[in-house]
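Subject: A structure for you to look through

Dear colleague,

I am handing over the structure we spoke about, and below it I have written out what was found. Please keep it open while you read, so that you can look up each residue as it comes.

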Amino acid sequence: EKIGHGQASGKIILMGEHSVVYGEPAIAFPFQETYISTKVEPDSTMILECHYFSGELSQVPSQLKSVSEVIDQTLIALHHEEATLKITITSTIPAERGMGSSAAVAVSIVRALFDYFDIPCTSESLLPLVNRAEKIAHGNPSGIDAAATTGDEPLFFIKSHPLESFPMNVSNAFLIVADTGIKGQTRAAVRDVAHLFELDKKRISQHITTLGHLTKSAKHAILADEVDTLGNVMNQAQEHLSALTVSNEQLDHLVSTARANGALGAKLTGGGRGGCMIALAGSKKQAENIAVALESAGAVATWIQSLGVKN
Ligand code: MEV
């Protein structure tokens with residue numbers, strides 16, 4: 001019996017969330033600690049099995065509309081609209097925590113369906129299908145989640161530009177990722193920033209432009225292997241993200257805990273209003289201490305990732 005498999009990792013945005021929607025650059029990388037897998041096998045009707053739902057694809061609740069859309073669109077692209085399949089999704093990416101789980105779900109589904117029909121899945125066929133699903137999930141996505149989860153390399157991402165990968169090989173830099181345990185609200189946060197922008201273009205566009213400058217400074221700091229500067233730039237970005245109303249009390253609390261425990265910088269990551277924060281440490285030992293402090297301060301999970309090949 002035929003079986004198709006597809007996988008995709010989560011992503012971490014180091015710098016540039018929200019401002020990336022307005023054409024400013026962002027830095028993101030795949031987060032290999034977490035991933036989503038999809039299995040496709042034949043069945044008598046279209047069936048979806050995942051953490052939230054088990055049953056006929058035509059009966060999925062509205063939160064899973066982007067999932068049914070990506071399945072339908074991929075089958076159309078593959079000229080197999082009549083297929084009846086069982087699609088099983090398993091995930092170690094916490095959902096709605098700013099780790100790009102919705103994009104990763106879509107990527108793993110497209111890959112699994114292509115694999116099932118033995119068709120090579122190129123990024124030219126993958127990205128449009130995933131971006132379409134992301135539009136349903138997020139309203140006005142920049143495309144960064146889709147791009148970051150499809151590749152294996154860090155990205156310097158600008159909306160609607162060709163993908164540019166980016167060597168993230170600073171020495172002695174570790175990133176701690178901490179989950180607030182609260183669902184992020186990317187869609188609402190993106191919509192509210194757009195609303196603020198309409199109300200006060202001058203002030204909001206200043207924050208957005210500054211976030212863009214800070215992302216460029218972060219890129220220079222990484223290329224020059226200046227970890228302290230990178231931390232400083234992350235701290236500044238958090239101030240501007242707060243001004244855009246996308247942080248919240250729990251994120252602020254974890255950010256100040258990380259700083260008080262020696263982090264070189266700390267900020268929210270992804271859509272905000274919950275979800276995850278990141279902190280930068282200059283050694284593995286320091287990263288472990290910060291992770292322990294963050295868990296005592298209420299983080300429900302923490303991960304540590306080296307930021308460089310030299311570590
Ligand atoms: C979400 O992971 C990142 C945001 O910048 C939204 C987007 O770029 O689509 C908040």
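What follows goes first to the ligand and then to one arginine.

Please bear in mind that this is a predicted model. There are 13 residues around the ligand, and those that come nearest are Lys 11, His 18, Pro 141, Ser 142 and Asp 145. Three of these can be followed down to single atoms: an N or O atom in the side chain of Ser 142 is 2.5 Å from an oxygen atom of the ligand, a backbone N or O atom of His 18 lies 2.8 Å from a ligand oxygen, and a polar side-chain atom of Asp 145 lies 2.9 Å from an oxygen atom of the ligand. On its own the ligand has 300 Å² of accessible area, and the protein covers 98% of that. Two or more residues of the shell come from each of strand S1 (4–15), helix H4 (144–150) and helix H5 (186–199), while domain 1 (4–164) and domain 2 (167–306) each supply at least three. Sorted by class, the shell has six nonpolar, four polar and three charged residues.

The arginine is Arg 273, which sits in the loop between strand S9 (265–269) and strand S10 (276–281). Is Arg 273 buried or exposed? Its relative accessible area is 15%, and because buried means under 20%, Arg 273 counts as buried. The side chain of Arg 273 makes a polar contact with the side chain of Asp 192 at 3.0 Å, and it also reaches the backbone oxygen of Thr 245 at 2.7 Å. Among the other residues that Arg 273 touches are Ile 182, Ala 188 and Leu 251.

Best wishes

Notes:
Residues are numbered from 1 along each chain as its sequence is written. This is a predicted model: local features need pLDDT of at least 70, side-chain atom pairs count only at pLDDT 80 or more; totals for chains, interfaces and linings use all residues. Side-chain values use heavy atoms; hydrogens and water are left out. A residue is near a molecule or strand if one of its heavy atoms lies within 4 Å of it. A polar contact is a pair of N or O atoms within 3.5 Å; within protein, one must be able to donate a hydrogen and the other to accept it, and residues adjacent in sequence count only if both atoms are side-chain atoms. Accessible areas come from the Shrake-Rupley method with a 1.4 Å probe; for residues, only the protein chains shown count as cover. Helices (H or I, at least four residues) and strands (E, at least two) are DSSP runs, numbered from the N terminus. Ala, Val, Leu, Ile, Met, Phe, Trp, Tyr, Cys and Pro count as nonpolar, Asp, Glu, Lys and Arg as charged, and the others, Gly among them, as polar. Domain bounds come from an automatic or database domain assignment. Buried means under 20% relative accessible area, exposed over 50%, partly exposed in between (1.4 Å probe, protein chains only). Contact means heavy atoms within 4.5 Å. Lists of a residue's contacts leave out its neighbours within four places in sequence.
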